[in-house]
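Let's take a walk through this one together, from the overall layout down to a few side chains. Have the viewer open and follow along.

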Amino acid sequence: MSELTLTVIRLGFLAVLWLFVLTTVSVMRSDLFGTRVTQPQPKASPARQPRPPAPRAQKRPRSAPGKLVVTAGSLAGTTVTLTDQPVTIGRSHDSTLVLDDDYASSRHARIYPDNGRWMVEDLGSTNGTYLDRAKINGPTPVPLGVPIRIGKTVLELRK
């Protein structure tokens with residue numbers, strides 16, 4: 001082999017080695033310092049228009065859950081008030097409930113109302129979502145007080 005070929009191979013190997021080192025440092029940095037949570041910026045509207053009157057809130061049945069409570073994990077004690085909007089759970093900063101859990105995916109699961117009952121759905125997470133020790137595979141109804149486990153975080157629906 002010529003000297004030029006050997007030099008090109010050595011430089012290529014050195015570049016791949018540095019790429020590996022930089023990638024490793026980046027992964028270690030994100031594991032040590034976690035994900036950065038930013039506050040969403042308010043959207044500017046070009047012209048202020050009058051807001052239509054809000055529809056009257058419907059009364060929820062007494063047996064319907066009113067909040068989602070984190071019972072175990074780094075966010076233990078956190079409460080999310082349930083509305084008619086779905087609750088997204090994951091490590092992504094745009095989730096409703098942002099988890100700082102190594103076993104949670106960026107968009108892990110969602111909890112949403114469906115015909116008077118609340119459903120939990122895994123959004124294709126790596127480690128899965130568990131409802132009372134059983135791994136869920138599709139939208140599953142969630143009874144009151146039954147634990148939902150996402151990594152090390154445990155959630156419950158309560159009145």
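What follows goes from the fold to the strand pairing, then to the surface and the charged contacts.

Keep in mind that this is a predicted model. The protein chain has one helix and eleven strands, and reading from the N terminus the order is α-β-β-β-β-β-β-β-β-β-β-β. In other words, the helix comes ahead of the strands. Of the 159 residues in the chain, 26% are buried.

Start with the helix, α1, which covers residues 3-33 and includes F13. F13 belongs to a nonpolar patch on the surface, together with L11, L14, L17, W18, F20, V21, L22 and V25. Taken together, the patch has about 950 Å² of accessible area. F13 itself has a relative accessible area of 59%, over the 50% cut-off, so it counts as exposed.

Now for the strands. An open sheet is built from six of them, in the order β2-β1-β11-β10-β7-β8, with antiparallel pairing. Which strands stand at the edges? They are β2 (79-81) and β8 (134-135); each has a single partner strand, so one side of each is left without a neighbour in the sheet. Further in, β1 (residues 67-72) and β11 (residues 153-158) run antiparallel and are joined by five bridges. If you want a spot to zoom in on, L68 has L157 in β11 as its bridge partner.

Strand β3 (residues 87-90) is worth a look too. It runs antiparallel to β5 (residues 109-114), with three bridges between them, while its pairing with β4 (residues 97-98) is parallel and uses two bridges. You can see both pairings at I89: its bridge partner in β5 is A109, and its bridge partner in β4 is L97.

Back at the sheet edge, check the loop between β7 (130-131) and β8, where D132 sits. Most residues other than glycine have a negative phi. D132, though, has a positive phi near 50°, and R133, in that loop as well, has a positive phi of about 70°. D132 is partly exposed at 48% relative accessibility, whereas R133 is exposed at 80%.

On to the charges. Side chains of opposite charge can pair when their charged atoms come close, and this structure holds three salt bridges. One is between D94 and R107, with the closest N and O atoms 2.9 Å apart. That pair links distant parts of the chain, since D94 is in the loop between β3 and β4 and R107 is in the loop between β4 and β5, 13 residues apart. D94 is partly exposed at 48%, and R107 is partly exposed at 46%.

Another salt bridge joins E121 and R110, again with 2.9 Å between the closest N and O atoms. Here E121 lies in strand β6 (residues 117-122) and R110 in β5, so the contact ties together parts that are eleven residues apart in sequence. E121 is buried, at 19% relative accessibility, and R110 is partly exposed, at 26%. The charged end of R110 also sits over the ring of Y112, 4.1 Å from its centre.

E156 and R158 also meet in a salt bridge, at 3.2 Å from N to O. E156 counts as buried at 15%, while R158 is partly exposed at 34%.

Finally, the rings. A search of the whole structure turns up zero aromatic pairs. Even so, R149 has its charged end over the ring of Y130, 4.4 Å from the centre.

Note on methods:
Residues are numbered from 1 along each chain as its sequence is written. Side-chain values use heavy atoms; hydrogens and water are left out. Two strands pair if DSSP finds at least two bridges between them. Helices (H or I, at least four residues) and strands (E, at least two) are DSSP runs, numbered from the N terminus. Patches are made of residues with over 30% relative accessible area and no salt bridge: like charges are joined within 9 Å, nonpolar side chains (Val, Leu, Ile, Met, Phe, Trp, Tyr) within 5 Å. Accessible areas come from the Shrake-Rupley method with a 1.4 Å probe; for residues, only the protein chains shown count as cover. A salt bridge is a side-chain nitrogen of Lys or Arg within 4 Å of a carboxyl oxygen of Asp or Glu. Buried means under 20% relative accessible area, exposed over 50%, partly exposed in between (1.4 Å probe, protein chains only). Rings of Phe, Tyr and Trp (its six-membered ring) pair if their centres lie within 6.5 Å; planes under 30 degrees apart count as stacked, over 60 as edge-to-face and the rest as tilted. A charge sits over a ring if NZ of Lys or CZ of Arg is within 6 Å of the ring centre and within 35 degrees of the ring normal.
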